Structure formats: C-alpha cells, structure tokens
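Please open the structure in your viewer and keep the selection tool at hand. The stops below go from charged side chains to backbone features and then to the surface.

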Amino acid sequence: MNKKDLRLYERDDYKMKIRDIYQLPQGEVQDDYALDEWFNTLINKDVTNLDIFDLCRMIKQNIFIELAIDRAIEHLELNPLEGDVYFGQLLEVLFAVDMDKISEHKELLKVILMDVKENVEIDNFMSVEDYNEYKDVVEKFLTKIN
C-alpha cells in the first residue's frame with residue numbers, strides 16, 4: 001500500500017468556509033484576546049486556506065479536531081517536515097492527539113512515517129539534536145499506531 005492509494009480525497013466541503021460547514025455565527029471579536037481574534041478569522045477561512053499555524057493551533061486547542069487532523073495528514077503527505085515554528089512541528093502536534101481521534105488514519109500515517117524513517121536525512125535539520133528529536137517522535141508515533 002502506498003501514499004497515493006491512501007491519499008485523503010478532496011471533499012466538497014473543503015471549498016466552504018468553516019463557519020458554513022459547522023453553521024456557526026460570527027462571534028464578537030475582543031481585541032484583548034488573541035485566541036478569540038484568531039478563532040473569528042479561522043471560521044471565515046475556506047478549509048483549503050488553512051495554514052500550518054492554523055492546523056497546529058486547532059489541534060492543540062482541540063477545535064474542529066477531525067478537520068484539523070485530515071488537513072494535517074494531507075500536509076504531512078506532501079512534506080513530513082511541516083511546521084510553523086520548527087521542522088517537524090506538525091507531526092509532533094499530531095503525535096500528541098489521542099489515538100481514538102487518529103485511528104481512522106492509522107494506515108496512511110504508517111505509510112507516511114515509514115517513508116520519513118527511510119528518507120529524512122540529517123541535512124534537512126539545523127542541528128543533530130533537532131534531527132534526533134524528530135526521529136524520536138517518528139519512532140514513538142510508529143509505536144503508538146501499531
């Protein structure tokens with residue numbers, strides 16, 4: 001089984017705004033609260049316009065988690081080193097998600113992680129420590145989903 005066979009499909013609702021998918025009202029933006037500001041911006045985005053920052057934050061905050069997981073895996077298929085602040089951040093954030101929330105993506109994650117294990121090289125990282133930390137997350141993630 002390869003990544004192409006398991007690739008998540010482009011859904012019709014991916015062209016819709018998050019607010020419309022979840023039928024949400026526009027909330028009041030409170031200037032003092034960055035999370036509220038971000039959330040109100042987020043719900044006005046099309047799913048295809050979610051960036052790595054959004055996905056990491058959605059997963060950490062457990063907001064629209066199924067959608068965030070789907071999109072995160074699609075990004076990891078293309079670039080397993082994706083991150084907002086550092087290489088591998090998206091994979092690390094996804095690793096922290098409870099197994100029951102990622103179980104339907106188990107086979108695709110195995111393919112992605114095995115590809116990473118075999119192909120990611122130290123030259124992709126700023127330091128040996130970063131490389132070793134990333135490889136450690138990959139190994140732990142593989143153990144988690146097996």
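**A tour of selected residues**

Begin by selecting D54 and K45, whose side chains meet in a salt bridge with an N to O distance of 2.4 Å; the term salt bridge stands for a side-chain nitrogen of Lys or Arg within 4 Å of a carboxyl oxygen of Asp or Glu. This is a predicted model, in which local features need pLDDT of at least 70 and side-chain atom pairs count only at pLDDT 80 or more, while totals for chains, interfaces and linings use all residues. Residues are numbered from 1 along each chain as its sequence is written, and side-chain values use heavy atoms, with hydrogens and water left out.

With this pair still selected, colour by accessibility: D54 counts as buried because its relative accessibility is 2%, and K45 is also buried, with a relative accessible area of 18%. Here buried means under 20% relative accessible area, exposed means over 50%, and partly exposed lies in between, with a 1.4 Å probe and protein chains only. Now add D51 to the selection, and you have K45, D51 and D54, which are linked in a network of salt bridges.

How many salt bridges does a search of the whole structure find? The search finds 6, and two further ones are worth a stop.

Select E107 and K110, whose side chains meet in a salt bridge at 3.6 Å, N to O. These two residues are separated by about one helical turn, because they are 3 residues apart in helix α8; helices are DSSP runs of H or I with at least four residues, numbered from the N terminus. E107 is partly exposed at 41% relative accessibility, and K110 is partly exposed at 23%.

Move next to helix α9 and select K140 and D136, which form a salt bridge with their closest N and O atoms 3.2 Å apart. Being 4 residues apart in helix α9, K140 and D136 are separated by about one helical turn. K140 is partly exposed, with a relative accessible area of 44%, and D136 is partly exposed as well, at 37%.

Turn now to the backbone and select Q23, which is not a glycine but has a positive phi, near 50°. Q23 sits in the loop between α2 (18–21) and α3 (34–42), and with a relative accessible area of 71% it is exposed. Then select F64, another residue that is not a glycine and has a positive phi, of about 50°. F64 lies in the loop between α4 (52–61) and α5 (65–78); is F64 buried or exposed? At 14% relative accessibility, F64 counts as buried.

For the next stop, select E121 in the loop between α8 (106–119) and α9 (128–145), where E121 counts as partly exposed at 47% relative accessibility. Adding Y131 shows a pair that is 10 residues apart in sequence and 7.9 Å apart in space, C-alpha to C-alpha.

Finish on the surface by selecting E92, E129, D130 and E133, which gather in a patch of negative charge. Such a patch is made of residues with over 30% relative accessible area and no salt bridge, like charges being joined within 9 Å. Helix α9 gives the largest share of this negative patch, 3 residues. Within the selection, centre on E129, which is found in helix α9 and counts as exposed at 52% relative accessibility.

Definitions and conventions: Patches are made of residues with over 30% relative accessible area and no salt bridge: like charges are joined within 9 Å, nonpolar side chains (Val, Leu, Ile, Met, Phe, Trp, Tyr) within 5 Å. Accessible areas come from the Shrake-Rupley method with a 1.4 Å probe; for residues, only the protein chains shown count as cover. Lys and Arg count as positive and Asp and Glu as negative; His and the chain ends are not counted. The place of a charge is taken as NZ of Lys, CZ of Arg, CG of Asp or CD of Glu.
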